[in-house]
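Colleague: I am new to this structure and would like to go through it with you. Could you put it on the screen?

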Amino acid sequence: MIKKWIEAMRLRTLPVSLSGVVAGCGCAALYGKFSVIPAVLCLLFALFAQIASNFANEYFDFKNGLDKKGREGFRRGVTEGDISPGAMKVATFVSLGIACLFGLFMLFYGGWWLILIGIAVVVFALAYSTGPYPLSHHGLGDVAVIVFFGLIPVTLTCFLQMGDWSGLNVSLPVSMAIGLLAANVLVVNNYRDMDDDKAVNKHTTVVIFGRKVMGYAYLSAGLIAMLILFPVWSMLSWEISVGVVMVYLLPHIVLWRNLTSKQGAQLNPILGKTAMLLLVFTTVLTLALCLSSL
């Protein structure tokens, strides 16, 4: 049973939430302001919020009849009968509750206005899959990922460690770049599921624009992200900048070629590798920022 719950957490996607926090730490470290406790709080909040969103997606997609047994994607415990719908619903709100608990401790570092951000994150975790206008059903999932896995975690992680917004000139472009790369994980997911999603009238961007267009969107997102990071590259030596860019772009192009040449369950490893590449790139970028601060 434990294995079923671990599968439901979708561990292959969790590097996405880790990356935003790691990048925010790098931005703060550039100014010599890295702080362990707020960094850990941000990390735990991000992880449990994403797990809650993954649980909610599985529960509400099952409830709305959008999943079927034997799907091409990762095994869905509720749909396959491994986990009861009631248990998944409880797990969703327990995970959200744990995330909110860590969020309350973050108030000591950022003030009461952070409650508004926390509410927005909780709403997103649920609104992605349910409500009067589920974001993932109307081509807005990609935009939501850019905001909630890029813009918010990177800038806020940096802010909570620095105590002010003076690092925004770095954290803002980094957050936009990380958001674009995080959205690529969703692109792979929806690329794989396009036929199933189309059959149940779930309008993801891949259903709307087609696999060919979104395949090029996947490639372009990586290139655009590197351009958005120009303000950061200007702070580093050209050797380090080129090295960090190549760490991402070379495997990114390989993954793009694999994405556009495979289908169905063959795309599952590409999803995991896309998420892991994001985390590797973010880690290398953060190390580069730390070194430049010395």
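Colleague: Where is the place of Leu 101?
Modeller: Leu 101 lies in helix α4, helices being DSSP runs of H or I with at least four residues, numbered from the N terminus. This is a predicted model, in which local features need pLDDT of at least 70, side-chain atom pairs count only at pLDDT 80 or more, and totals for chains, interfaces and linings use all residues. Residues are numbered from 1 along each chain as its sequence is written, and side-chain values use heavy atoms, with hydrogens and water left out.

Colleague: Is Leu 101 buried or exposed?
Modeller: Leu 101 is partly exposed, because its relative accessible area is 46%; buried means under 20%, exposed over 50%, and partly exposed in between (1.4 Å probe, protein chains only).

Colleague: Changing topic, how many salt bridges are there?
Modeller: The whole structure has three salt bridges, each a side-chain nitrogen of Lys or Arg within 4 Å of a carboxyl oxygen of Asp or Glu. One of them joins Lys 202 and Asp 61, at 3.4 Å from N to O. That pair links distant parts of the chain, 141 residues apart: Lys 202 is in the loop between α8 (194-199) and α9 (205-209), and Asp 61 is in helix α3.

Colleague: Are Lys 202 and Asp 61 buried or exposed?
Modeller: Both Lys 202 and Asp 61 are buried.

Colleague: What does Arg 211 pair with?
Modeller: Arg 211 forms a salt bridge with Asp 195, with the closest N and O atoms 3.7 Å apart. Arg 211 belongs to helix α10 (residues 211-228) and Asp 195 to helix α8.

Note on methods:
Helices (H or I, at least four residues) and strands (E, at least two) are DSSP runs, numbered from the N terminus.
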